[in-house]
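Reader: I would like to go through this structure feature by feature. Please give the general idea each time, and then the case at hand.

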Amino acid sequence: ARTKHLCFAPNGREWLAATTAGLLVYSVDGSALAFRPVQLTYQLTPQHVYQTLRSENFAKALLLALQLNDKEVLKAVFYSVPETHVQYTCHHIPVGFVGPFLELLAQETLRGRHLELCLRWSNALLLKHANLMEKTQATFVPLLKDLQKAICSQSVELERTTSESKYTLEYLLCAGRLNQQQRLEQCNGVEEG
């Protein structure tokens, strides 16, 4: 068999070879792989994902987006799932897609646009898949560290913002009291004159 192309996973633990004998997938630890060629079909398109999303089948839309592995489509689905459906949707993420979803979650948390939503996703994902993450630590520890760094970064930024807001509010309250006191003095001066 001739090898036409090699591709390595970002974690360095899996790789695949496109050969004349077919597609061969290898893993260092023999764990279940995220790549499932049985699930790839000609119908798996961004339009199909968006159509599933519009029909409010959020768990299926997320699964299709993860299979498609298109970052923009995955982000669109991620942000379209209502907060009330996050936990249910996390329960339907297959084991093989937990890693890529955790990676997306860390990236979006670091961006900080929707911190509360990202924290809800993190909580639901960790509650559902904690046992898996504990069993396959080599795969998940780097991803969990990225998520932890993102959350800590947002925590520091949030603390800085609230401190600034606190002092701004104190200033505005003092300025309001002084303004009110000046008005009272002006009113008293007009009455006396």
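Author: We begin with a term: helices here are DSSP runs of H or I with at least four residues, numbered from the N terminus. The model is a predicted one.

Reader: How are glutamate 72 and lysine 75 separated in helix α3?

Author: They are three residues apart in α3, so about one helical turn lies between them. Their side chains meet in a salt bridge, at 3.8 Å from N to O. Glutamate 72 is exposed, since its relative accessible area is 53% and the cut-off for exposed is over 50%.

Reader: Which residue meets glutamate 108 in a salt bridge?

Author: The partner of glutamate 108 is arginine 111, with 3.0 Å from N to O. Both residues belong to helix α5, where they are three residues apart, about one turn of the helix.

Reader: Is glutamate 108 buried or exposed?

Author: Glutamate 108 has a relative accessibility of 1% and therefore counts as buried. Arginine 111, at 43%, counts as partly exposed.

Reader: Which residues are linked with Glu108 and Arg111 in a network of salt bridges?

Author: The network also takes in Glu72 and Lys75. The pair described for α3 and the pair described for α5 thus both appear in it.

Reader: Where do glutamate 164 and arginine 160 lie?

Author: Both are in helix α7, which covers residues 137–192; they are four residues apart, so about one helical turn separates them. Their side chains form a salt bridge at 2.5 Å, N to O. Glutamate 164 counts as partly exposed at 42% relative accessibility, and arginine 160 is partly exposed at 40%.

Reader: How many salt bridges does the count come to?

Author: The count comes to seven salt bridges. Those between glutamate 72 and lysine 75, glutamate 108 and arginine 111, and glutamate 164 and arginine 160 have been described above.

Reader: Let us turn to burial. Why is helix α2 said to be largely enclosed by the rest of the structure?

Author: The reading rests on a cut-off: a residue is buried when its relative accessible area is under 20%. Helix α2 runs over residues 58–68, and eight of its 11 residues are buried, so the rest of the structure largely encloses it. The buried residues are Phe58, Ala59, Ala61, Leu62, Leu64, Ala65, Leu66 and Gln67.

Reader: What covers the buried residues of α2?

Author: The cover includes α1 (46–54), α3 (71–80), α4 (86–91), α5 (98–111) and α6 (115–135). From α1, threonine 52 can serve as an example. Threonine 52 counts as buried, because its relative accessibility is 7%. Apart from neighbours within four places in sequence, threonine 52 is in contact with Asn57, Lys60, Ala61 and Leu64. Ala61 and Leu64 are among the buried residues of α2.

Reader: What comes just after α2?

Author: Asparagine 69 follows there, with a positive phi of about 60 degrees.

Reader: Now the strands. In what order do they form the sheet?

Author: Strands of a sheet pair through backbone hydrogen bonds, either parallel or antiparallel. In this case three strands form an open sheet, ordered β1-β2-β3, with antiparallel pairing. β1 and β3 are at the edges and have a single partner strand each, so one side of each lacks a neighbour in the sheet. From one strand to the next the twist averages 15 degrees.

Reader: How many bridges join β1 and β2?

Author: Five bridges join β1 to β2, which covers residues 14–19, in the antiparallel sense. Threonine 3 stands opposite threonine 19 of β2. The two strands make a hairpin with five residues between them, and glycine 12 in the turn has a positive phi of about 75 degrees. Between β2 and β3 the antiparallel pairing runs over six bridges, and alanine 18 has leucine 23 of β3 as its bridge partner.

Reader: Which residues make the nonpolar surface patch?

Author: In a regular strand the side chains alternate between the two faces of the sheet. Here, Leu6, Phe8, Trp15, Leu24 and Tyr26 make a nonpolar surface patch of about 470 Å². The elements that contribute two or more residues to the patch are β1 (3–8) and β3 (22–27). Leucine 24 lies in β3 and, at 32% relative accessibility, counts as partly exposed.

Conventions. Residues are numbered from 1 along each chain as its sequence is written. This is a predicted model: local features need pLDDT of at least 70, side-chain atom pairs count only at pLDDT 80 or more; totals for chains, interfaces and linings use all residues. Side-chain values use heavy atoms; hydrogens and water are left out. Buried means under 20% relative accessible area, exposed over 50%, partly exposed in between (1.4 Å probe, protein chains only). Contact means heavy atoms within 4.5 Å. Patches are made of residues with over 30% relative accessible area and no salt bridge: like charges are joined within 9 Å, nonpolar side chains (Val, Leu, Ile, Met, Phe, Trp, Tyr) within 5 Å. Accessible areas come from the Shrake-Rupley method with a 1.4 Å probe; for residues, only the protein chains shown count as cover. A salt bridge is a side-chain nitrogen of Lys or Arg within 4 Å of a carboxyl oxygen of Asp or Glu. Two strands pair if DSSP finds at least two bridges between them. Axes are lines fitted to C-alpha atoms, for helices over the stretch in contact, and angles run from 0 to 180 degrees between N-to-C directions.
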